[in-house]
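Subject: Structure handover

Hi,

Here is the structure I promised to pass on. Have a look at it first, then read my notes below.

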Amino acid sequence: MYRIGVDLGGTRIKAAVFNAEFAVIQERSDPTEAELGPDEVISKIKKIVHDMLQQAGIAQEAILSMGVGIPGLLDPELGLSIFSPNFPEWDHVPVVEMLKTDFHFPIYIDNDVRVNLYGEWLFGAGRGYKHVVLITLGTGLGSGIIQDGKMVYGTTSSAGEIGHMNMFREGRPCRCGSSGCLGRYASAIGMVRTFTDQLAQGFTSIIQDWTGGDLARITAAMISDAYDHGDVLAKRVMQETGQILGFGLSSVINLLNPQVVIVGGGMSAAGDRLLNPVRETVGAHALRLSSSACQIIQAELGVRAGMIGAAAYAKLRSEANG
């Protein structure tokens, strides 16, 4: 018997078929093409799943369940994706209902960061812990929380929005409607914004030579590379970004008292360049008892966390439903 996990991202749809022990049988990564709208995106998911099952020679009757991780706000019980900021015209999309026109096995959806957390908690860096916080640093800052061995959902299934903690009274505008949110600073886009702001103030960097002065070409990965070249501005911006994230996580650690904070997402590739100033700030500003009991570490599973987490989440949901 088999399970399917789908991780719907803004740029890629990553999907896999797993056996009963969660070993990968088939795996795919296809462009999302979110600009085509929800109908096309759901159709692509259907085609990907059909193709994987056909290539593996697996009948639908052998599939126990499928989980789908989706960015943004949703209602897992209704199978409804309410709002996803990077998906045009994505408003109250009945994802499960649309998928069930093709598939007859149980299907469940959840937030993409929560399914990543299920993956890391059950199979990766969070194994064996009862109190876990995961943050993903990419376009924004996503997060999920395991407390007493259970995922935290909250009243509207939107608990754990650490990226929208207000850090500055009058800060950078955020797409949530507020301003000064942590994710506008501690994210790939946030760090690049900090970097370009510093250039506008007259600081210089080797990255200006790499991009021919085209600020639009600057990426978070470039800042990490420039850091390794000894670039003073890159080191300054990495330190500043890590400190801001550290202040945010100090509040999280004081509030939730986790055993481990796992840092994932594309920007986590910066590793200790970013995490050392995070740890230093947490050590200086979080409650000593709480911070001394909490590790801040990198995620283990990379891009597979969402797929295996979605499949594991679907297993938990289907077993809970009998």
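Before anything else, please keep in mind that this is a predicted model. I'll start with a pair of helices. Helix H3 (residues 112-123) packs against helix H10 (residues 304-320) at an angle of about 85°, and their axes are 7 Å apart. That angle makes H3 roughly perpendicular to H10.

Which residues make the contact? On the H3 side they are Val115, Asn116, Tyr118, Gly119, Glu120, Leu122 and Phe123. H10 brings Ala305, Gly306, Ile308, Gly309, Ala310, Ala312, Tyr313 and Leu316. Sorted by type, the residues of this contact of H3 with H10 come to 10 nonpolar, four polar and one charged.

H3 will come up again in a moment, with the open sheet of five strands. The order of that sheet is S11-S10-S9-S12-S13, and the pairing is mixed. Strand S11 (150-151) and strand S13 (295-298) stand at the edges with a single partner strand each, so one side of each has no neighbour in the sheet. If you want to check one pairing by eye, try strand S12 (residues 260-264) with S13: the two pair in the parallel sense over four bridges. There, valine 263 stands opposite glutamine 298 in S13.

Now back to H3, which packs on this sheet and touches strand S9 (132-137), strand S10 (141-147), S11 and S12. The direction of H3 makes about 50° with that of S10. Helix H8 (272-285) is another one to look at here: H8 lies across S9, S12 and S13, and runs at about 170° to S13.

H8 also has a part in the next bit, which is about helix H6 (residues 220-228). Which residues of H6 are buried? They are Ala220, Met222, Ile223, Ser224 and Ala226. The cover over these buried residues includes helix H4 (188-200), helix H5 (207-210), helix H7 (232-256) and H8. After H6 comes glycine 230, with a positive phi near 80°.

Next, the start of the chain. Six of the seven residues of strand S1 (residues 2-8) are buried, so S1 is largely enclosed by the rest of the structure. S1 pairs with strand S2 (residues 12-19) in the antiparallel sense over seven bridges, and the two form a hairpin with three residues between them. Valine 6 has alanine 15 in S2 as its bridge partner. S1 also pairs with strand S4 (residues 63-70), this time in the parallel sense over six bridges. In that pairing, tyrosine 2 stands opposite isoleucine 63 in S4.

Last stop: a run of antiparallel pairings. Strand S5 (residues 73-75) and strand S6 (residues 80-83) pair in the antiparallel sense over three bridges. One bridge to look for joins aspartate 75 to leucine 80 in S6. The hairpin of S5 and S6 has four residues between the strands, and glycine 79 in this hairpin takes a positive phi near 70°. S6 then pairs with strand S7 (residues 91-93), in the antiparallel sense over two bridges. Here phenylalanine 83 has aspartate 91 in S7 as its bridge partner.

Cheers

Conventions. Residues are numbered from 1 along each chain as its sequence is written. This is a predicted model: local features need pLDDT of at least 70, side-chain atom pairs count only at pLDDT 80 or more; totals for chains, interfaces and linings use all residues. Side-chain values use heavy atoms; hydrogens and water are left out. Axes are lines fitted to C-alpha atoms, for helices over the stretch in contact, and angles run from 0 to 180 degrees between N-to-C directions. Angles under 35 degrees count as roughly parallel, over 145 as roughly antiparallel, 65 to 115 as roughly perpendicular and the rest as oblique. Contact means heavy atoms within 4.5 Å. Ala, Val, Leu, Ile, Met, Phe, Trp, Tyr, Cys and Pro count as nonpolar, Asp, Glu, Lys and Arg as charged, and the others, Gly among them, as polar. Buried means under 20% relative accessible area, exposed over 50%, partly exposed in between (1.4 Å probe, protein chains only). Two strands pair if DSSP finds at least two bridges between them.
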